[in-house]
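Reader: Hello! I work with models of this kind every day, and I would like a close look at one single part of this one. Please choose a strand and walk me through it, together with whatever lies around it.

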Amino acid sequence: GDGGAERQPLKGLPSMQRESASGISALALGEDGATAVFGHTSGGASLRRLSPEHAWERVLAARGAHHEWEKVTHVAVTPNGRLLFASTGDNMAMWSLPSS
């Protein structure tokens, strides 16, 4: 348990529209604090960046798995935000991204 601690929502942070939370299998945040990478149970990967208006915008949605049943287990983004990596149980994919 949480020792009876009351859960509080994070305040002052931009919200992200639901990214099919039940389908997220991996998550990584970029060093800049404005990049979020998701791995999905459907075998895909997606990247969102925080806009100057503090809205999360999808930059990339791509397939990282060979098979329909594979889920993405690990995701990463390079410190400069230009390369996205995703891996499944037997596959790894890399994408070059536009500069932010």
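Author: Happy to help; what follows sets the scene first and then takes one strand and its surroundings in turn.

This is a predicted model, in which local features need pLDDT of at least 70 and side-chain atom pairs count only at pLDDT 80 or more, while totals for chains, interfaces and linings use all residues. Residues are numbered from 1 along each chain as its sequence is written, and side-chain values use heavy atoms, leaving out hydrogens and water.

The protein chain has seven strands and zero helices (both are DSSP runs numbered from the N terminus: H or I of at least four residues for a helix, E of at least two for a strand). Along the sequence this reads β-β-β-β-β-β-β. Of its 100 residues, 39% count as buried, where buried means under 20% relative accessible area, exposed means over 50%, and partly exposed lies in between (1.4 Å probe, protein chains only).

The part I would pick is strand E2, residues 35-40. E2 belongs to an open sheet of four strands in the order E1-E2-E3-E4, with antiparallel pairing (two strands pair if DSSP finds at least two bridges between them). The edges are taken by E1 (24-29) and E4 (56-63), each with a single partner strand, so one side of each has no neighbour in the sheet. From one strand to the next, the twist averages 20° (axes are lines fitted to C-alpha atoms, for helices over the stretch in contact, and angles between N-to-C directions run from 0 to 180 degrees).

E2 is well covered: six of its six residues are buried. In a regular strand, side chains alternate between the two faces of the sheet. Here both faces are covered, with Thr35, Val37 and Gly39 buried on one side and Ala36, Phe38 and His40 buried on the other.

On one flank, E2 runs antiparallel to E1, joined by five bridges. Within this pairing, Ala28 is the bridge partner of Val37, and Ile24 is that of His40. E1 and E2 make a hairpin with five residues between them, and Gly33 in the turn has a positive phi of about 75°.

On the other flank, five bridges link E2 to the antiparallel strand E3, residues 44-50. Thr35 has Arg49 as its bridge partner there. This is again a hairpin, now with three residues between the strands, and Gly43 in its turn shows a positive phi of about 95°.

Val37 also takes us out of E2. Together with Leu60, Val75 and Trp95, Val37 touches the most other members of the largest nonpolar core, which has 15 residues (such a core is a set of buried Ala, Val, Leu, Ile, Met, Phe, Trp, Tyr and Cys residues joined through side-chain atoms within 4.5 Å). E1, E3, E4, E5, E6 and E7 each give two or more residues to this core. Leaving aside neighbours within four places in sequence, Leu60 is in contact with Ala45, Ser46, Leu47, Leu84, Trp95 and Leu97 (contact means heavy atoms within 4.5 Å).

Trp95 sits in strand E7 (residues 92-96), where Trp95 and Ala93 point to one face and are buried, while Met92, Met94 and Ser96 point to the other and are not. E7 pairs with E6 in the antiparallel sense over five bridges, and Trp95 is the bridge partner of Leu84. Four residues join E6 to E7 in a hairpin.

Arg49, met above as a bridge partner of Thr35, leads to one last spot. Gly81 touches Arg49, Leu97 and Pro98, not counting residues up to four places away in sequence. Gly81 lies in the loop between E5 (74-77) and E6 (83-87), and is buried at a relative accessible area of 9%. The C-alpha atoms of Gly81 and Leu97 are separated by 7.4 Å, with the two residues 16 residues apart along the chain.

Thr78 is in the loop between E5 and E6 too, and counts as buried at 19% relative accessibility. The side chains of Thr78 and Asn80 are joined by a polar contact of 2.7 Å (a pair of N or O atoms within 3.5 Å; within protein, one must be able to donate a hydrogen and the other to accept it, and residues adjacent in sequence count only if both atoms are side-chain atoms). A polar atom of the Thr78 side chain also lies 3.4 Å from the backbone nitrogen of Arg82.
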